Amino acid sequence: MSTEQEPTTPQDELSQALPAEQPEVDDHAAALDELQDRWRRALADLDNLRKRHAKELDAVRNEERARTAAAWLPVVDNLDLALTHAGSDPSAVVEGVKAVRDQAVAVLRRLGYPRYEETGVPFDPAVHEVVGTVDDPDAEPNTVVRVVRPGYGEGSRQLRPAAVMVSKQQE
């Protein structure tokens with residue numbers, strides 16, 4: 001029996017090592033494939049979620065639009081009724097128009113936009129828009145003296161500020 005070993009070259013050593021490493025490479029490739037598959041599924045799930053959310057948001061907008069329009073229908077009906085009576089007693093028509101206006105203000109209040117038209121309050125740029133100033137010795141400076149156009153809403157839900165006349169500082 002010979003105890004001598006055949007001489008090996010680095011290339012022989014590499015070829016012997018490759019088959020041993022091949023299963024590890026296959027494991028990494030399989031893990032990479034699995035991660036890529038999971039990533040693609042996550043992207044598809046995200047895309048489906050976006051599409052579903054867009055549909056739901058559109059449905060909610062349409063429902064809210066229909067609810068708001070339905071709230072205004074009685075106002076339009078009463079305006080039509082007032083127009084049919086335009087030739088009758090003018091004071092009755094004026095009373096009818098005032099009633100329709102009150103109904104419209106009530107609809108805005110129910111939708112979350114109450115009307116405000118207070119005078120004698122300090123000017124607040126968050127809820128008032130100055131359209132003019134007046135000399136009024138009876139009013140404190142920077143006080144709302146007259147409301148030209150009422151405002152609607154409150155806080156961050158403001159449709160528009162009230163257009164007001166404000167008292168000047170006395171000189």
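Two strands count as paired if DSSP finds at least two bridges between them. With that term in hand, the tour below moves through a predicted model, beginning with the whole chain and ending at a single ring.

**The whole chain**

Display the full chain as a cartoon. Two helices and six strands are present. Followed from the N terminus, the elements run α-α-β-β-β-β-β-β. The chain has 171 residues, and buried residues make up 16% of them. A surface view shows what the chain exposes: about 13500 Å², of which carbon and sulfur atoms supply 55%. Among contacts in the chain with a separation of 6 or more, 61% are between residues 24 or more positions apart.

**The mixed sheet**

Select residues 128-134, which form strand E2, and residues 144-149, which form strand E3. Add residues 162-167, which form strand E6. Together these three strands make an open sheet in the order E2-E6-E3, and its pairing is mixed. Strands E2 and E3 are the edge strands, each pairing on one side only. On average, neighbouring strands of this sheet are turned by 30° against each other, with direction ignored.

Now narrow the selection to E3 and E6. How many bridges join E3 to strand E6? There are four, and the two strands run antiparallel. Within this pair, place Val 147 and Val 164 in view: Val 147 stands opposite Val 164 in E6. As a general point, strands of a sheet pair through backbone hydrogen bonds, either parallel or antiparallel.

**His 128**

Next, select His 128, which lies in strand E2. Is His 128 buried or exposed? His 128 counts as buried because its relative accessibility is 9%, and the cut-off for buried is under 20%. To see the surroundings of His 128, show its contacts other than neighbours within four places in sequence: Val 121, Pro 122, Phe 123, Val 144, Pro 161, Ala 162 and Val 164. One of these, Val 164, is the residue that Val 147 stands opposite in the sheet.

**The antiparallel sheet**

Turn to the other group of strands. Select residues 115-116 for strand E1 and residues 157-160 for strand E5, then add residues 151-154 for strand E4. These form an open sheet of three strands in the order E1-E4-E5, with antiparallel pairing. E1 and E5 are its edge strands, and each pairs on one side only.

Two bridges link E1 and E4, whereas three link E4 and E5. Centre the view on Tyr 152 in E4: Arg 115 stands opposite this residue, and Tyr 152 in turn stands opposite Arg 160 in E5. A further facing pair in E4 and E5 is Gly 153 with Gln 158.

Then follow the backbone from E4 into E5. This hairpin has two residues between the strands, and Gly 155 takes a positive phi near 60°.

**A charge over a ring**

For the last stop, show the side chains of Arg 157 and Tyr 113. Where does Arg 157 lie with respect to Tyr 113? Arg 157 lies over the face of Tyr 113, at 4.8 Å from the ring centre. As for pairs of aromatic rings, a search of the whole structure finds zero.

How values were computed:
Residues are numbered from 1 along each chain as its sequence is written. This is a predicted model: local features need pLDDT of at least 70, side-chain atom pairs count only at pLDDT 80 or more; totals for chains, interfaces and linings use all residues. Side-chain values use heavy atoms; hydrogens and water are left out. Axes are lines fitted to C-alpha atoms, for helices over the stretch in contact, and angles run from 0 to 180 degrees between N-to-C directions. Rings of Phe, Tyr and Trp (its six-membered ring) pair if their centres lie within 6.5 Å; planes under 30 degrees apart count as stacked, over 60 as edge-to-face and the rest as tilted. A charge sits over a ring if NZ of Lys or CZ of Arg is within 6 Å of the ring centre and within 35 degrees of the ring normal. Buried means under 20% relative accessible area, exposed over 50%, partly exposed in between (1.4 Å probe, protein chains only). Contact means heavy atoms within 4.5 Å. Accessible areas come from the Shrake-Rupley method with a 1.4 Å probe; for residues, only the protein chains shown count as cover.
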